[in-house]
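Me: I would like to take a close look at one part of a protein, and I would be glad of a slow, connected explanation that also sets this part beside the rest of the chain.

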Amino acid sequence: MGVIPSNKKKVEKPFTNYVSWFEIPAVNFKQAVNFYNHIYGIEMEENFNGNHSMAFFPAKNGIGGAVVAGPGSTPSDTGALIYLNGGQDLNNILSKIAEAGGRIVMPKTLINEEHGYFAIFIDTEGNKLALHSKN
């Protein structure tokens, strides 16, 4: 005897995070790493593997990512827009972008009281990214 298929669909839980990893492409790897080290006040761990270089954003919990250089890593100001954490007050990181060699293309802008603020910038490699924070 065969098994009669059930018409009940398995209900999946919604994701709590829709991003699991991000990579920011670079041509001038050291310049890009220095930019992010400067605006966040961090020291990224660097890894070189043949033709590829990666510098990892320090992340113990949550979503991690890296600056990457090598074949296929082409900076762009078009395409998907990654929102990086702007911390407690977006202005703390935003104020460091120009002095690190980037440029702000949209200043700190209120989304609404519930969702906070965002800003958009171009990094030293020509990538367009955003920052987000509650304040």
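In which sense do β6 and β7 pair, and over how many bridges? Please start there and then work outwards.

Reply: Before we begin, please keep in mind that this is a predicted model, in which local features need pLDDT of at least 70 and side-chain atom pairs count only at pLDDT 80 or more, while totals for chains, interfaces and linings use all residues. Residues are numbered from 1 along each chain as its sequence is written, and side-chain values use heavy atoms, with hydrogens and water left out.

The strands β6 and β7 pair in the antiparallel sense, over 6 bridges. Strands here are DSSP runs of E with at least two residues, helices are runs of H or I with at least four, and both are numbered from the N terminus; two strands count as paired if DSSP finds at least two bridges between them. As a general point, strands of a sheet pair through backbone hydrogen bonds, either parallel or antiparallel. One of the bridges here joins T109 to F118 in β7, and the two strands form a hairpin with 3 residues between them.

On to the next strand: β7 also pairs with β8 (residues 128-133), again in the antiparallel sense and over 6 bridges, and one of these partnerships sets Y117 opposite S133 in β8. The hairpin of β7 and β8 has 5 residues between its strands, and within this hairpin G126 takes a positive phi near 95°. Strand β7 (residues 116-122) is largely enclosed by the rest of the structure, because 6 of its 7 residues are buried, where buried means under 20% relative accessible area, exposed means over 50%, and partly exposed lies in between (1.4 Å probe, protein chains only).

The side chain of K108 deserves a careful look. K108 lies over the face of Y117, at 4.6 Å from the ring centre; a charge is said to sit over a ring if NZ of Lys or CZ of Arg is within 6 Å of the ring centre and within 35 degrees of the ring normal. K108 also forms a salt bridge with D89, and the closest N and O atoms of this pair are 3.1 Å apart. Since K108 lies in strand β6 (residues 103-112) and D89 in the loop between β5 (83-85) and α2 (90-97), the pair ties together parts that are 19 residues apart in sequence. With 26% relative accessibility, K108 counts as partly exposed, and D89 is also partly exposed at 26%.

The whole structure holds 2 salt bridges, a term that requires a side-chain nitrogen of Lys or Arg within 4 Å of a carboxyl oxygen of Asp or Glu. Besides the bridge of K108 and D89, there is one between E46 and K30, at 3.0 Å from N to O. E46 sits in strand β2 and K30 in helix α1, so that this pair, 16 residues apart, links distant parts of the chain. Both partners are partly exposed, E46 with a relative accessible area of 25% and K30 with one of 46%.

For a wider view, we can turn to the aromatic rings, of which the structure holds 8 pairs; rings of Phe, Tyr and Trp (its six-membered ring) pair if their centres lie within 6.5 Å, and planes under 30 degrees apart count as stacked, over 60 as edge-to-face and the rest as tilted. Y36 and F57 have ring centres 5.5 Å apart and planes at 75°, so this pair is edge-to-face. Because Y36 lies in helix α1 (residues 29-40) and F57 in the loop between β3 (52-56) and β4 (64-69), the pair ties together parts that are 21 residues apart in sequence, and both residues are buried. F57 makes another edge-to-face pair with Y40, with 6.4 Å between the centres and 85° between the planes; here the helix and the loop are linked by residues 17 apart. Y40 counts as partly exposed at 23% relative accessibility, whereas F57 is buried with a relative accessible area of 13%. Ring pairs join F22, F35, Y36, Y40, F57 and F121 into a cluster.
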